Amino acid sequence: MAQTDMDSGDEGGGGGEPEVIVQASVLGGFTESTEVQALISSLPEVHQKMVTRESAIQRFLVIMNRYQEQPHLLDPHLEWMLNLLLEVIRSEQSPPLLVHLGFKFLYIISKVRGYKVFMQLFPHEVADVQPVLDLLCRQDPKDSATWETRYMLLLWLSMTCLIPFDLSRLDGHLTSDPSQAREPIMDRILAVAKSYLMVTDKSRDAASVLVSKFVTRPDVKLRRLADFLDWSLSSISQADDQTMEGTVILDGALQSLAQLFKHGKRDDFLQYAPVVLQCLERRGLAESSQATLRKLGVKLIQRLGLTFLKPRLAKWRYQRGSRSLVANLSLSQPGSAVDAVTPDQETQGHEEDYDIPEEVENVIEQLLGGLKDKETIVRWSAAKGIGRVTGRLPKELADEVVGSVLDCFSFHETDNAWHGGCLALAELGRRGLLVPSRLPEVVPLILKALVYDEKRGACSVGSNVRDAACYVCWAFARAYEPTALKPFVTQIACALVITAVFDRNINCRRAASGTFPHGIEIVVAADYFAVGNLTNCYLAISVYIASFPEYTRPMIDHLVSMKINHWDGVIRELATKALHKLTAQAPDYMTTTVLPQLLPVAIGIDLQGRHGALLACAEIGHALYILASENNRPVTEGFGGELMRPAMCALIEKMSLSKLPSKDDPVITGWQWLIDDTLKSLHLFSAGPRDNIKEAAVSALAALCEQCYQPQPGVADPQVQELLVSQYIAGLKSPEVLTRCGSALALGSLPRFMISGKLDRVNHHGKGVAWLRYDTFSLSLRVCVTAGVSAQGSTDSVVCEGNVSMIYRALLDCLSDYTLDSRGDVGAWVREAAMTSLMEVTLLVVDTAPQLLSPDLVNGMMCSLAQQSAEKIDRYRAHAGSVFLRLLHKDHPPVPHIPHKEELLTIFPPEGAGTLNWKAPSQAFPHITQLLRMPQYQYHTLLGLTVSVGGLTESTVRFSSQSLFDHLMLIQRDPDAMGHFSETLLRVFRDNLRNDRVSIPFLKMLDQMLARACFDTFTTEQDHPFCVNLLALCTNEIKKSKDVQKLRSCIAVFCGLIQFQGNVRVKVLFQLLLLLCHPFPAIRKVTAGQMYEMLLTFDDVIDPSVMEDVMNLLSDTDWAGDIATVRTHRNQLCDWLGVPKPQLVAKVVV
C-alpha cells in the first residue's frame, strides 16, 4: 500500500529549499483485518505483562492511524471488531485489566471513525441498560489510567437510553420493600451524567452526549428537564472560571446545554431559552480568559437563537442549481437550459409573516462580538452561528446582519475582526444568504483582505486573514453562477494569483492556488506543492504566470506597492529579483511607470522603502540593459546602516554590468570609496547581515574593476592597480580582524589583470580566528584560479614551481584546524574552504602543468581528504568524500601519483560515484573503512574514524563502529595485519595524547574494541607489547585529569585490559584500585561498579577463595562516602588481590 512521503521544505526566502517529493496515499481497503482480528483475540494472553500489553496497543494504534484520512474504509469491519471486543469485556472470566484494555481498543476505533458513527453499533436492548449502568457506577472517576473505559461506557449508555419504553418499568418491584429500596434508574442515570459533567478528562464530552440523548426522552423530559436546567444554570452562575475546578464545571454545563438545545425539540425548549440567555448574559462568558468557555458560550448562544426562530429555509436565499441529482442530470440533457434556481414566483414576496423575538437581536449581537474574539475557534463558531441564524430571518433583517458583518472590515478593527468577518462572509455565501446585489460591496473588501498584513514588533499579523479570504473566494466560486461573478472575475483572479505566488506564508499560497482564467495552465505550474518553495514562487512561477497579459501589470504593481517596502528583508530582496525577471514581460511599463514611482521612494524617509526601491532600481536597470543588448539597441541613458550599504553595492554592481557610467565619470570615485569604506567597517555591523554586506561589496568591486579600471582589454590602469592592491594588502595587517577579512575578500575578487605582477604580495595568509582563515583561504583559491598556472612562470604572476609547495603546505595545514568557540566547531569552515581550494587548485594544476605535483604533495592531500571523509559531521564528511572522488576519478588528464589508485577505483568505481551518499553513515563508512587495508591511508583513516566511533550521534557511532569491527574481523587471522593495525592505533593515541578532541573518543572506541574481543590474538601472549604500551598511554592520559568523561572512559578501558595475561594484569588492577580512592565520589562509584562487572566476566583474575569476599566488599561498600573509610576498604581489596597498596605522597610546601 502506498504511503505518503512529503516534505514541504523550509519556509522563507532562502535559495536552498529542498525539493518536495510526493507519492500517492490513497488506501483501497482495510487490509489489516486479519492482523487486527488476531490482535484482539490475543488480548487475554498479552494483557498481564506490561511489555506485551503496550506492544499490542501500539501496534493497534499504528494500524488504525493509517485510516485517519479515510475512516469510511473501516465501516464494513466495525461490527465484528466491536463484537469481538464486547465478548472480551462481557466475559465473567475477564479480569479488570483486560476489561480496561478492551475499552481502550474501542476508544481507539471510535477516535478514528468518529464517535457519532461508532456509538450507533453498540447493542441497545432493554437488557443492556442495567449492566452498562452498573459497570459505569463501579468505575473510579479519578483513575486517570482508565478514562477510556468511562468514556466508552457513557457513549454506550447514551445509546441504551434510546429504548422506546418508560424507564420506570425497569425499576420492577424492588421499591416495595423499604429495606431493599434503591434509587430509580432514571435518577441514577441523571446522577451519573451530572457527576461526569464535572470530571477533568474526556469523559465530560461523552457525558454531554448522554445528557442530550437521555434528557430529551419523553418520560425524562416531563419529570427531569426543568430540574436539570436549573442545576445547569446554577452551576454556570456559581462556578469561578479563574480556578481549574470552576472551568471544568462551566465546560460540562455549557456542553450539556448546547447538546440539549441542538437535539431537543424546539417546542419543548422554547420556554426555557430566555432564562438560559439571561443567565449567560449575567455570567459574561465573552470576558472569560478561557478560549474553550468562550467558544462553548458562542455555540450555546447560536443554539438559543435557532430555538427562538422557527425552523425554515429562507425563500429569498440565492440557490445555484438544484439539490436534486436527478433534476441536475435532467437539466444536463440536450435542449435543457441550466439556470440558477430562483424562488417560486408565487411565494416570492409572500413569506409567512411572524414576529421575531426580541432575544434574537441580543443573540446576533453576541455572535457578531464573537467574530472579533482573539481565538480562532471562537470566531469560527460565531461565523457558523451567523450563517445558521441568518438563514431563518426575513430578507430585510438578514440584510442588516450582512451589513453588520461588513462593518468588521474597517481600518479601525483588528486582524481578529477581519478574520471573523471573512469566515462569516464565507458561511453566508456558502448558504446562499449573500445575495448577488451585495457583491459590488463585498468583493473590494475581500480583495483588501487578500493582502492584509499588519506589522507588529519584529513580525506581522494577517496570515489568517489572507487564508480566510481565500476561503471566501472558494465559497463564492461554488455558490454563484458564472454570470453573477463575471464582473469581478478579473479582480478576484489577479488577487488570488498574487497571493498564490507572492504571499509570505506557505499556507496562504497554497490556499490561493485554485482556479483562474487560464486555470489549467496556471494550476499545473502553481499547484499545492510547487508554491511551497517561496524562492521558486517569486523567481520561476511568477515569470510563467506573468506571460498571460491579464496578470502582468497587477503582479508588477503589487510588488512595487506592497513588497519592496515589506518589513521582511528577504521578501524585499526576492521582490526586486522578481521585478528583474518580470521586466522582459513589460519593459515599456517598467520604464515609463515603475521607475518614476521608485525614484521618490528611494530618497524617502522610510528606511525599508529606500532599501527596497534602490535594489529594485538596480535590478530593473540591469534587466533593461540585458534586454536592450539582446535586441542590439544601445542604452542612452546618508549610506550608513545594514540595509543601505548592500543595496548601494548592488546598485553599483548592476550599473557597472550595464556599462552605464563612463570610465572618466566622477561618480566612480565615490563608488570606490563606498566599497572600501564598507569593507573597512565590517566590525560595525551585527553578525547577522555581515555576510550579506561582504558579498555585496566584493561583487560590486569585481564589476567596477571590469568596467572602469582597464584602459585596454586585459591591461590594468597601473596607478589604480597599485593603489588598490597596496591598500588591501595593508588591510591584511590591520589590528581589526574583520577589516583583515574584508581585505582578503577584496583581493580575492580582483580580476586577473588587476593582480598581474602582484601575486607574491597578494598570496598572503592570515592567522588567528577561524572566519579570518576561512576568508583568507578563499582568497588563496580565487587568486590562484584568477592568476592561472605556468610551470616556468614568475612567482609574482602565476602559480608555478617556485610557489606551488608553499600553497599546498598552507592548505594542508588548514585541514588540521579544529578551532572551537561558543558556536561549536568553527574550524570546520576553514577545513571546508581548504578542501574546496585543494580540489580547484589541483584540477587547475593538473590541466595546465601536472609536473608541478610531486608524490609527497599528492600523498599528503589524499591522506588528509581520507581522514576528513571518515569524520563525524555529515556535511563536511560528504564534502571531503566528493572532493576525494572528484580527484580520484579525474581523467584526461588524471591526477598523478595517487597512492593505491587501482585499489581505490575498486572500492569507489566511477559508475557508482553518483549513487554513494556520503551524508548517510550507513553508506559512507563501509566504503571508507576499506582504506584501512592500505598502509599509506591507514593512519589518517583511523584518525578520522576515531572521532566517529567515539562520537555522540547514534547513527554515526553505530555504522562507523560496525564497519571498523567488520574490518578487524577480516584481519583477525593475519598476525602481520593485526600488528600493523595495533601499531597505527598506538601511534594515533600517542600523537594525540591530552588532545581531548581525539583522546576521549579514542578511549570510547578502545572500550568497544576490547568489549568485542578484537585483540584476542594478543591475549595469549604474556605482557604483549601492545597492552603494555596502551596501559602506559592511558595512565599518562588521565594523570592529574579532572575530566569526568575521560576518567569514566579510561576506567572502562582498564577493565577491558584485564583480559591480557602477565604482569600487565597486576598493573591494571593497581590503576583501578588507585581510582577507587579518587577525589571525585562519582569516579569511585563507577570504578567499583565496573570492577564488579569485570570480575564477573573474567573469573580467572583472582583467587576463587577470596572471590566472594571481594564481590561483597565491592557491592556493599558506600564508595561515595568518607575517603578515609573508603581507603581502608580499598587497602583490604589490595591484600585480597595481591596488589601493592598505593602510598600517599606528602605535598611539599615550598
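A pocket is an open set of grid points with protein on both sides within 12 Å along at least five of seven lines. With that in mind, here are four close-ups of this predicted model.

**View 1. The second largest pocket and its lining residues.** Welcome to a space of about 690 Å³. Its lining is made of 35 residues, and Tyr115, Lys116, Gln259, Lys262 and Lys299 lie nearest the centre. By class, 12 of the lining residues are nonpolar, 11 polar and 12 charged. Several helices each supply at least two lining residues, among them helix 5 (96-113), helix 12 (244-263) and helix 15 (291-308).

**View 2. Helix 19, residues 395-406.** How far apart are the end C-alpha atoms of this helix? They are 16 Å apart, which agrees with the span expected for 12 residues at 1.5 Å a residue. Look here for the buried residues Ala398, Val401, Val402, Gly403, Val405 and Leu406. Their cover includes helix 17 (358-370), helix 18, helix 20 (415-430) and helix 21 (439-449).

**View 3. A cis peptide bond from His892 to Pro893.** Omega is near -10° at this bond. Pro893 sits in the loop between helix 43 (874-889) and helix 44 (901-907). Most peptide bonds are trans.

**View 4. Positive phi at Ala1013 and at Asp1023.** Most residues other than glycine have a negative phi. Ala1013, with phi near 55°, belongs to the loop between helix 49 (996-1011) and helix 50 (1016-1019). Asp1023, with phi near 50°, lies in the loop between helix 50 and helix 51 (1025-1038). Ala1013 is partly exposed, at 27% relative accessible area, and Asp1023 is partly exposed as well, at 32%.

Notes. Residues are numbered from 1 along each chain as its sequence is written. This is a predicted model: local features need pLDDT of at least 70, side-chain atom pairs count only at pLDDT 80 or more; totals for chains, interfaces and linings use all residues. Side-chain values use heavy atoms; hydrogens and water are left out. On a 1 Å grid over the protein atoms alone, a cavity is a set of points where a 1.4 Å probe fits but cannot get out, and a pocket is an open set with protein on both sides within 12 Å along at least five of seven lines; lining residues have an atom within 4 Å of a point. Grid points are joined across faces, edges and corners, and a volume is the space filled by probe spheres set on the points. Helices (H or I, at least four residues) and strands (E, at least two) are DSSP runs, numbered from the N terminus. Ala, Val, Leu, Ile, Met, Phe, Trp, Tyr, Cys and Pro count as nonpolar, Asp, Glu, Lys and Arg as charged, and the others, Gly among them, as polar. The expected span of a helix is 1.5 Å times one less than its number of residues. Buried means under 20% relative accessible area, exposed over 50%, partly exposed in between (1.4 Å probe, protein chains only). Contact means heavy atoms within 4.5 Å.
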